[in-house]
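Here is a walk through one protein model, strand by strand and then into its interior. Keep the structure open as you read.

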Amino acid sequence: MKLLLIRHTSVDVKPGVCYGASDVPLRDSFCKEAALVKTRLSEYKIDQAFTSPLSRCKRLAEYCGFPHAVADSRLIERNFGAWEGLEYTRIDDPQLQLWYADFVHTRATEGESFMDVVGRAKAFLDELKETTPPLHTLALFTHGGVITALRFLVEHCSLEHLLDLQVPYGTVYPLEL
C-alpha cells in the first residue's frame with residue numbers, strides 16, 4: 001500500500017505563533033501552491049483520500065479533486081492545548097521549558113506530546129492495514145507533525161533524527177507500507 005502524505009499549503013499566521021490544532025487561514029498564495037500539489041498528485045491513481053478535518057487540509061483536498069475525502073480526527077496536527085494561538089515568547093508557563101527539553105514525550109499544557117500524535121497515527125495505520133479489499137494508493141491531506149509521526153513509524157527512524165523528517169508546506173511525500 002502506498003500512502004501519499006500531503007502537507008497543507010502555507011498558513012497565514014504570524015511567525016512564532018503556536019497554532020497546531022487551531023483552524024488557521026491559508027496564505028493568499030493558496031491557489032498557486034495548491035496547483036503544484038494537484039499536478040504532483042496527477043501522477044498517481046488514488047483509490048481513496050483522507051483528510052484532517054481542519055480547513056487548511058480540507059480546502060486542499062477539495063482543490064485537488066477530492067471533495068469527499070474522509071475526514072479523520074487522527075490526522076489533525078498536534079494539539080498544543082493552552083498554548084494554542086499564543087506567541088511562544090509570550091507563553092508564561094514553566095511546562096514550556098520542559099517541553100523544549102523533550103517535546104517528544106512532554107505534553108503541552110492541556111495538549112499533546114509528539115508520542116501522542118504517534119499513537120493516533122499508529123491507530124490510523126493499523127486500521128488501514130485491515131481494509132478489505134486492500135487499497136493500493138491513498139492520499140492523506142494532513143499536517144507536518146502527523147507526516148513526521150507517520151514517517152517515524154514506517155521508516156523506523158530514531159527519535160534523535162525527528163527534525164530531519166519534517167517536510168515543507170505543499171509537499172507530496174510517497175510512503176510505502
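Start at Leu3, whose bridge partner in β4 is Leu138. The model you are looking at is predicted. That one bridge belongs to a longer match: β1 and β4 run parallel and are joined over six bridges. Strands of a sheet pair through backbone hydrogen bonds, either parallel or antiparallel.

Now look to the other neighbour of β4. β2 and β4 also pair in the parallel sense, over four bridges. Here Ala49 stands opposite Ala139 in β4. Move outward again. Strand β2, residues 48-51, pairs with β3 in the parallel sense over two bridges. Thr51 faces Ala71 of β3 in this pairing.

Put the pieces together. The sheet is open and has five strands, in the order β3-β2-β4-β1-β5. Its pairing is mixed. The edges are β3 (70-71) and β5 (172-176), each of which pairs on one side only. Helix α5, residues 144-155, packs on this sheet. The helix touches β1 (2-7), β4 (137-142) and β5, and its direction makes about 25° with that of β5.

How much of β4 is buried? Six of its six residues are. Both faces of the strand are covered. Thr137, Ala139 and Phe141 are buried on one side, and Leu138, Leu140 and Thr142 are buried on the other.

Next, the interior. In soluble globular proteins, nonpolar side chains tend to be buried together. The largest nonpolar core here holds 26 residues. Which of them touch the most other members? They are Leu3, Leu5, Leu140 and Leu150. Several elements feed this core: β1, α4 (114-129), β4, α5 and β5 each supply at least two residues. α4 gives the most, with seven residues.

Return to Leu3 to see its surroundings. Leaving aside residues up to four places away in sequence, Leu3 touches Leu125, Leu128, Leu138, Leu140, Tyr173, Pro174, Leu175 and Leu177. Its bridge partner Leu138 is therefore on the contact list too, with contact meaning heavy atoms within 4.5 Å.

A separate core lies apart from the largest one. This other core has 23 residues, among them Ile6, Leu41, Ala49 and Phe141. Two of these names have come up before. Ala49 is the residue opposite Ala139, and Phe141 sits on the side of β4 that also carries Thr137 and Ala139. Leu140, on the other side of β4, is a member of the largest core.

Methods: Residues are numbered from 1 along each chain as its sequence is written. This is a predicted model: local features need pLDDT of at least 70, side-chain atom pairs count only at pLDDT 80 or more; totals for chains, interfaces and linings use all residues. Side-chain values use heavy atoms; hydrogens and water are left out. Two strands pair if DSSP finds at least two bridges between them. Axes are lines fitted to C-alpha atoms, for helices over the stretch in contact, and angles run from 0 to 180 degrees between N-to-C directions. A nonpolar core is a set of buried Ala, Val, Leu, Ile, Met, Phe, Trp, Tyr and Cys residues joined through side-chain atoms within 4.5 Å. Buried means under 20% relative accessible area, exposed over 50%, partly exposed in between (1.4 Å probe, protein chains only).
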